[in-house]
Each structure stands twice: as C-alpha cells, then as structure tokens.
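Let's take a walk through this protein, from the inside outwards. Have the sequence and the 3D view open as you read.

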Amino acid sequence: MDYFSNIGAPRPSTRPAASLADAPALLRQLPPHHRWGRLAAVRGAALSVEGLGGGLSIGDRMMVRRPGQPAVEGEFVAFEGGTAIAVPEGSTEGLAPGARVWLEEPLSLAPCDAWLGRVIDGQGRPLDGRGPLPAGRRAVPLRRPAPDALRRRMVGPRLETGLRALDVFTPVCRGQRMGIFAASGVGKSTLMGMLARFVEADVIVVGLVGERGREVREFLDHTLGEEGRARSVVVVSTSDQPALARRRAAQATLAVAEHFRAEGKQVFLLLDSVTRLAHAQREIGLAAGEPATARSYTPSVFNELPALLERAGPGPEGEGDITAIFTVLVDGDDHDEPIADAVRGILDGHIVLDRRIGERGRWPAIDILRSVSRALPRCHSAEENALLGEARRLLGAYADMAEMIRLGAYRTGSDPLVDLAIRQQPELEAFLSQAVDERAAAPEAFAQLAAALKG
C-alpha cells in the first residue's frame, strides 16, 4: 500500500457520532443568527435604516452600534420602500452614518409569585436593589390581543374597595374597568394608595407610567405602604425616560396582570396614567410621520388605547379576573379633552375628582353626581338601590341650588325637597368623607347611609 495515497483523506473521528436526539443541544451551541442593516439617517427621534430586506414587521426590536459606547435599542414603527423607520430608546449621541443595525428577539416576561413585593421596569429588570428576579415557568409577551369577546365570562359580583363613596355610589365589580378622571393635585395618587391597601384581591399590579421621579419613592413607601406593597408588583417608568420605555411599562403592567389572571387569581390593576401613555404614543407617532389630529394627538394614540385597555377584564372560563382602575390626568380640568373622552367610551365607568370639593375640605374629593358605574343597578340589592337613589336625589337637589344657598338668595319653604337636602347635607358630607387609613366595609357603609338619611 502506498503511504502517500492516504495524504488528504479524512481521518477517522475519535468523538462518538451524534444522534438525532443530540440535534437540539447542538443547535443551542450555535452562535445567534442576526440580520444586519445600516443606519442611513437620523432625524430627531427617528432613525432611517436600510438593508434589512423583507420579513420586517412593525414593532420589531433593533439595536444600532455606537463606536466605543453601548448599543442603542429601538423599535421599528414605520417603513417606506426599502427604508425602515425606528424610534430609539436612549440618546442618539455617537451614532454615525453606516452604523451596523441588527434585529433583536421580541421582549417577554416570565412572572411568578416571587415577584410580589418587587419593583421592576418595563423589561422586567429589578429596580428595588433586592437582587435578581426569579423567572416563572411560562413567558408572556408584552403585546398581545385581548381575550376573545365571546369567550370571556361576564363581570362578577361586587368587589369591596373599602371606600364608602365607591362601594355605595360607583361600585366596582370583579372584572370591571373603571377610570379615575382628575387634574393634578386633586388626590388621585392618595386614592390609588387607599384602593391598593383596602381592596379585596389576591394580587395587585401597579403601573406608574411617566411618573415624576421624586414621587415614585413617596408612592411606594407612604401612599402604598408596606401592607399594599407586600402583595403588589409595581412597574415603573419615570417621566425622563424615552417614549418607548414609558409605553413598554404600560404593556408590561398588563402582561404581569394577565399572567396572574391565567393562574385563576383575582387581580386588581392600577395604571397611572393613561394620559402619559398617550403622550408617549404621540411622540412615537410623530416620529413615524403620522399627521397630528385633535390636540396634536396622532391616530395611533386612539388605536393604542383600546388595544391596551381591552386586555383587562374577565378572563375565559377557568381563569381569574383583572379588575382595573386607569387614571386619566385631565388637562386644565377639561374633562372633555380628547383622551378623557376616548377613555370614557372604552371603560365601564368613571370616577371624577373635583378640585372644588377638595378645596371645601372633603376627601376623597369624588364628585358623586358626575361619577358613573355601569355595573349599576344589578350589583346592588333592591334596598341598597333605594338608599342610593334617595341620596342622589338629595345631593342633586342641593347641587342645583348651591349657588343661591351660598348667596342667601334661597328662602326656606320654597321647595320641600331642597329644604330636606339642606338639612341632610352635613350628614351626607360626613358620610362621603373618609380618612386615608380608614377602611369601611360595604354593609357598614350602607348602614351609615341609612342612618344619615333618617337623621
């Protein structure tokens, strides 16, 4: 046999032959596959990217490299021809023409019971300095459609909130979605803290979207307190963060709540605020080239709101419920501005806070006559509805004549109903007032109202 005839022939391997069962493990050892493009232009808050080819979708995540600095994350929001438009999450300082751009995997969260008591950002990263978060068994996407309307259960029985004014006049049922409409400084955050501490629920999920950085710690330590925080997952994005981070915090809040709902738990969700979410979506829409419409809001704002808010509510059979309270920061006390008007049409009721009521010293400053719950009248008994109707009749009669009463122009005896409303007004005002640490059970609240009306 010629010795040189074996030169270049494949040598027998000393490693055992791989079987088909080894294929998944071998595939996981391969380096990740990336599609690359290049940065063509930067215009304000919009990045133009070329070279990524087909298969690109709105909402895909991307990263763009900066020499000597961390890569910038972003999201594709529009495309035209061969150019895709992305909104960056972070500073664009240091970006250069032709910088390499690649696609990233979609974000998802894997919540579990160990997340209770923790504070996270929109990507599920801990913000409270208490170590890493354990991952649950099942990952949930940040963006997902609402449950099918015909598969959802009906709204359940009344959920006790611990607040007299709500449990009697604007009751909240399991799976109901309500809005708190208020201007700044009218007690919205305080009311949210009371609900988080008092409400009967298995899990509380709080989303602080675009919150002032100074107030985050105050809300956690004082407004929410140890009792509320122990059974809560809090998702935070501050006002100085990019629009994508603020919108992602709202999406992550719903994703965490959906996880616990799928486990059959009763979830109480508080999202503050829908208005700041709309501001974030407006920034993204303007960067994508959308036209500005009412109050400079872009059309995508009014698509994003129902897509997010409809995710809350009752789950299908076998799951729990997400009872949700969404706050709306009305600009200049204008309750008919576009966001407030759109949200009212989506939700199942609204709670109005009035600055003038707070200035008179009654807290929480809920305007009973302007607040509505679409769970009425079926969530109350006949006797409770009778008490509610009588109280509203007296409050309405007093409100109609309030200006004349304060001016001294009303003469006693002119109207028996107004005379009765004037006599009952101090008792009703005392009933509607409630201290921050005072929890009231619904049966006791109705008993107090009956006593006030008899008095």
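What follows is a short tour of the cores, strands, helices, loops and ring contacts. Keep in mind that this is a predicted model.

Let's begin in the middle. In soluble globular proteins, nonpolar side chains tend to be buried together. Here the largest nonpolar core has 97 residues, and the members that touch the most others are Phe169, Leu195, Phe268, Phe326, Ile339 and Val343. Helix H5, residues 243-262, gives the most to this core, with eight residues. There is also a second, separate core of 15 residues, which includes Leu39, Leu47, Val64 and Ala86.

Pick out phenylalanine 326 and see what sits around it. Setting aside its neighbours within four places in sequence, phenylalanine 326 is in contact with Arg177, Met178, Gly179, Ile180, Leu269, Leu271, Val274, Leu309, Ala312 and Leu347. Two of those names, Leu269 and Leu271, belong to strand S15, so that's a good place to go next.Strand S15 covers residues 266-272. Is it buried or exposed? Seven of its seven residues are buried, so S15 is largely enclosed by the rest of the structure. In a regular strand the side chains alternate between the two faces of the sheet. You can follow that pattern here: Gln266, Phe268, Leu270 and Asp272 point one way from S15, while Val267, Leu269 and Leu271 point the other way, and all are buried.

S15 has strand partners too. Strand S13, residues 203-211, pairs with S15 in the parallel sense over six bridges, and leucine 208 has aspartate 272 in S15 as its bridge partner. Strand S17, residues 321-329, is also joined to S15 by six bridges, and these two run parallel. In that pairing, valine 267 stands opposite isoleucine 322 in S17.

Now follow the chain off the end of S15. The peptide bond that joins aspartate 272 and serine 273 is cis, with omega at about 0°. Serine 273 is in the loop between S15 and helix H6, which covers 274-287. Another cis peptide bond runs from tryptophan 363 to proline 364, with omega near -5°. Proline 364 is in the loop between helix H9 (355-359) and strand S19 (372-373).

Back to helix H5. At 1.5 Å a residue, its 20 residues should span 28 Å, and the C-alpha atoms at its ends are 29 Å apart, which agrees. The helix is also largely enclosed by the rest of the structure, because 19 of its 20 residues are buried. Just after H5 you'll meet glycine 264, which takes a positive phi of about 85°.

Positive phi turns up in residues other than glycine as well. Arginine 295, which is not a glycine, has a positive phi of about 55°, and it lies in the loop between H6 and helix H7 (299-309). Serine 296 has a positive phi near 70°, and serine 296 is also found in the loop between H6 and H7. How does the accessibility look here? Arginine 295 counts as partly exposed at 44% relative accessibility, and serine 296 is partly exposed too, with a relative accessible area of 32%.

Next, the rings. The count comes to three aromatic pairs. One of them is phenylalanine 169 with phenylalanine 431, an edge-to-face pair at 6.4 Å centre to centre, with 70° between the planes. Phenylalanine 169 lies in helix H2 (residues 164-169) and phenylalanine 431 in helix H11 (residues 416-432), so the pair ties together parts that are 262 residues apart in sequence. Phenylalanine 169 counts as buried at 1% relative accessibility, and phenylalanine 431 is buried with a relative accessible area of 4%. You've met phenylalanine 169 before, among the residues that touch the most other members of the largest nonpolar core.

Some rings have an arginine over the face. Arginine 344 lies over phenylalanine 181, at 5.6 Å from the ring centre. Arginine 100 lies over the face of tryptophan 36, at 4.2 Å from the ring centre.

Arginine 100 leads to the last stop, strand S6 (residues 100-104). Strand S1, residues 36-43, is joined to S6 by three bridges, and the two run antiparallel. Within that pairing, arginine 38 stands opposite arginine 100. S6 is also joined to strand S3, residues 61-66, by four bridges, again antiparallel. Here methionine 63 has tryptophan 102 as its bridge partner in S6.

Definitions and conventions
Residues numbered from 1 in each chain as written. Predicted model: local features only at pLDDT ≥ 70, side-chain atom pairs only at ≥ 80, totals over all residues. Heavy atoms only, no water. Core = buried A, V, L, I, M, F, W, Y, C linked by side-chain atoms within 4.5 Å. Buried < 20%, exposed > 50% of the residue type's maximum accessible area, 1.4 Å probe, protein only. Contact = heavy atoms within 4.5 Å. Pairing = 2+ DSSP bridges. Expected span 1.5 Å × (residues − 1). Phe/Tyr/Trp six-rings, centres within 6.5 Å; stacked < 30°, edge-to-face > 60°. Lys NZ or Arg CZ within 6 Å of the ring centre and 35° of its normal.
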